[in-house]
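Student: Please show me the sequence and the structure. Then I will ask about parts of it.

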Amino acid sequence: MPPNSQPPDPDAAEPGDEPAAPYAKRTLAAQAMGQIDPVTKAVVPPIHVSTTFQRDPDNAYTSGFAYGRADNATVREAESVMAMLEEAEGALLFGSGMAAAAAVFCALEPGDHIIAPRVMYWGLRRWLQQEGPRLQLSVDFVDTETPERLRAAMRPGATKLVWIESPGNPLWTVTDIAASAEIAHAGGARLAVDSTAASPIHTRPLGLGADIVMHSATKVLNGHSDVIAGVLAVRQADAFWERITAIRAGWGAILGPFEAYLLMRSLRTLHLRASAQATGAAVLAERLSGHPLVSGVLYPGLAGHPGHAIAARQMENGFGFMLSIRVTGGEEAAIATAAHVRLWKRATSLGGVESLIEHRASVEGPGTPCPPDLLRLSTGIEDPGDLFDDLDQALRAAHDRAR
Ligand SMILES: *Cc1c(COP(=O)(O)O)cnc(C)c1O
């Protein structure tokens, strides 16, 4: 778009509307949907901090806003960018990824059966194990990356939700979203996808048949390790979505306006960051595959990865920023390698512009499918050569120390 032409019509940016068709998503995201403050014409909309809104003399709320626990204009602006990126009928922001996921499960009815992946974000797995029974939900953890296993686990009539995660943390297993949608729908269940590790840049689950997509916006969506947030986006804003909306308002799980502002600021550069991070991860995966002290590299972009063919079909613009390596010498060597990094930061979380390394089995504890020799790597935007050199010296230092 030429620099001085009109921005896209902001009225076309409300969640639920058709996406503004003529522009690429990166164009719309860069301008945060072209939202201009109607009063001052500021190209960066102000942060709406008011918790309450004046009623009209006839007692109505014609602005559509009444109280900040249900809705907020800054939150809505960020939601409109998310809805555009996911081509969703609606998007809702929550105070964390966990709050967003929990809202989906809590919208189910007592007695409902749900299927979740064996390899998934451990915090949500633990939450389902602890809270599922108290909500009277029965949960089966299944290798959803194998469609036959998913099909066999379905209990038609009782299964109301299939939850998948692709690529799945921390082994980066790839689940066929289109096949999962077919199986879920055939059994009368909804399909929800935790797409945190793919981001809207690499995968669009709603286009592949999923009903709901969830992201921890704490990760690459915000990308600067300074906001905790979560998002849900929906293919069809039906009664189930209304129930989720009511749960967010009733439980007070909405994201704060300052966080929503920071998230929208980050979404303007999502394409640049995610592309650079995926390029870096691909370089690292390739170079680490040939490393004598690395016994395995888990990255869906590698031809030898078991999910590569499906990933190549359902991912675009690369294969994401997450990879894991298995270190020769087992758990001790893996922990020692993390101890010797200088450039990588030893920290949990993922998706930020700075690269993070983590011995994942220590975090996940007993019952984890994560092998003890595994290091999880979140690739930032640093020079991939610098990142490789640092891992190389750390692997060698750990190895030398063990000898
Ligand atoms: C971090 C994460 C979550 C939880 O999100 P929070 O924002 O930390 O609550 C859920 N799923 C995946 C894949 C994650 O990485």
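**Ligand, sheets and backbone**

Student: Which residue has a polar backbone atom 2.8 Å from an oxygen atom of the ligand?
Tutor: This is a predicted model, where local features need pLDDT of at least 70 and side-chain atom pairs pLDDT 80 or more, while totals for chains, interfaces and linings use all residues. Residues are numbered from 1 along each chain as its sequence is written, and side-chain values use heavy atoms, without hydrogens and water. A polar contact is a pair of N or O atoms within 3.5 Å; within protein, one must be able to donate a hydrogen and the other to accept it, and sequence neighbours count only if both atoms are side-chain atoms. At 2.8 Å from a ligand oxygen, the polar backbone atom belongs to M98.

Student: Which residue offers a polar side-chain atom to an oxygen atom of the ligand?
Tutor: G97 uses backbone: an N or O atom there lies 2.9 Å from a ligand oxygen. The side-chain atom lies 2.8 Å from an oxygen of the ligand, and its residue is S216.

Student: How much of the ligand's accessible area does the protein cover?
Tutor: On its own, the ligand has 380 Å² of accessible area (Shrake-Rupley, 1.4 Å probe; for residues, only the protein chains shown count as cover). The share covered by the protein is 92%.

Student: Which elements give two or more residues to the shell around the ligand?
Tutor: Elements are DSSP runs numbered from the N terminus: helices are H or I with at least four residues, strands E with at least two. Two or more shell residues come from α3 (97-106) and β6 (212-216).

Student: Which residues come nearest to the ligand?
Tutor: There are 14 residues around the ligand. A residue is near if one of its heavy atoms lies within 4 Å. Those that come nearest are M98, D194, S216, T218 and K219.

Student: What is the strand order in the seven-stranded sheet?
Tutor: Two strands pair if DSSP finds at least two bridges between them. The sheet is open and its pairing is mixed. Its edges, β1 (90-94) and β3 (138-142), each pair on one side only. The order is β1-β7-β6-β5-β4-β2-β3.

Student: Which residue in β3 stands opposite H113?
Tutor: β2 (113-117) and β3 pair in parallel over five bridges. Opposite H113 stands S138.

Student: What angle does helix α6 make with β5?
Tutor: α6 (177-186) packs on the sheet, touching β4 (159-165) and β5 (190-194). Contact means heavy atoms within 4.5 Å. Axes are fitted to C-alpha atoms, for helices over the stretch in contact, and angles run from 0 to 180 degrees between N-to-C directions. Here the angle is about 150°.

Student: What angle does α8 make with β1?
Tutor: α8 (239-251) touches β1, β5, β6 and β7 (230-234). Its direction and that of β1 make about 25°.

Student: Where are P167 and P170?
Tutor: Most peptide bonds are trans. The bond from S166 to P167 is cis, with omega near -15°. The bond from N169 to P170 is cis too, with omega near 0°. Both prolines lie in the loop between β4 and α6.

Student: Why do β8 and β10 each have one side without a neighbour in the sheet?
Tutor: This open sheet of five strands has the order β8-β9-β12-β11-β10. β8 (294-298) and β10 (345-346) stand at its edges, so one side of each is left free because each has a single partner strand.
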